[in-house]
Amino acid sequence: MALERDRDFATTLAHGIDILGCFRADRPELANKDFAQQTGLSKSAVARLTHTLVELGFLQRVGTPARYRLGAGVLALSYPLLASMQIRQLARPLMKQLADHARGAVSLVVRDRLQMVYVETARSNDALQTRPDIGAALPLLSSAAGKAWLCRVADAERAAVLNQLRVADAAHYAQHYPSLASAARDLERKGYCGNNVQWRPDAYGFAAPLWRPYQSLVYVFNCGVPSGDGPYRERAADIGPRLVALARETERLLGLE
């Protein structure tokens, strides 16, 4: 059902969440005009929303003219979710071992709407230009982690998400959708998906999902390494099976076998 026809859908709440979603690591401060441009909301609606979010502690008002930063309330909301993810504590030592071996970064990610989001990460190479951190996002169609998620979920869920991706960015969809079929074959045959500089020209990516959902989520382990450290095929042959072994051992520790 379209959201605009869903009588139970709270539009004002959704708009407030859209305001909070405008921030990025390279855009830590935004003004009302920035929110209006990114969300398409009127200036008066944005002003009411930012005032409310400041009063609730989800935004901080800084400077004159007014600009806004995320408030501590957002961080407090995320803590119960992160603390309840036992998988993070169980997998962290294994992730660090693989990150050290691969000379890269090993992360645990889940889907958030039309992106993948880091919930845990272990890094062992400062040469990586990307600095994965908890809460940072990856694209769904052009990253190994996103492809692994799309290939692992049920057909109906994948179809719905792919349709949303197509509507959101038709050009990006047309460029990267054709690679999904080969990613699915790799996942079926090898247990992992690879990304040969399709997302970033300076990095290879490899991803292996858990075969069963955990706490109703499909988790994916992702490993990023600098593309200058060796040929893609050699790196895949070394890292891919180790990443699959990490996923299977995590499943064993979680009792998902």
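In the predicted model, Phe-206 has Cys-223 of strand β8 as its bridge partner. Strands β7 and β8 run antiparallel and are joined by seven bridges. In general, the strands of a sheet pair through backbone hydrogen bonds, in either a parallel or an antiparallel manner.

The wider arrangement is an open sheet of six strands, in the order β5-β4-β3-β8-β7-β6, with antiparallel pairing. Strands β5 (137–139) and β6 (193–196) stand at the edges; each has a single partner strand, so one side of each is left without a neighbour in the sheet. From one strand to the next, the twist averages 30 degrees. Helix α6, formed by residues 144–152, packs on this sheet and touches β3, β4, β5, β6, β7 and β8. The direction of α6 makes about 25 degrees with that of β7.

Nonpolar side chains tend to be buried together in soluble globular proteins. In the present model, the largest nonpolar core has 31 residues, and those with the most contacts inside it are Leu-210, Tyr-219, Phe-221 and Leu-243. Two or more residues are given to this core by each of α5 (86–102), β3 (105–112), β4 (115–123), β7 (203–209), β8 (220–226) and α10 (232–254). Helix α10 supplies the largest share, seven residues.

The surroundings of Tyr-219 were examined with its neighbours within four places in sequence left aside. Tyr-219 is in contact with Met-85, Ile-87, Leu-108, Val-109, Val-110, Val-119, Pro-209, Leu-210 and Tyr-214. A second, separate core has 24 residues, among them Val-109, Tyr-173, Ala-183 and Cys-193.

Note on methods
Residues numbered from 1 in each chain as written. Predicted model: local features only at pLDDT ≥ 70, side-chain atom pairs only at ≥ 80, totals over all residues. Heavy atoms only, no water. Core = buried A, V, L, I, M, F, W, Y, C linked by side-chain atoms within 4.5 Å. Buried < 20%, exposed > 50% of the residue type's maximum accessible area, 1.4 Å probe, protein only. Helix = DSSP H or I, 4+ residues; strand = E, 2+ residues; numbered from the N terminus. Contact = heavy atoms within 4.5 Å. Pairing = 2+ DSSP bridges. Axes fitted to C-alpha atoms, helices over the stretch in contact; angles between N-to-C directions.
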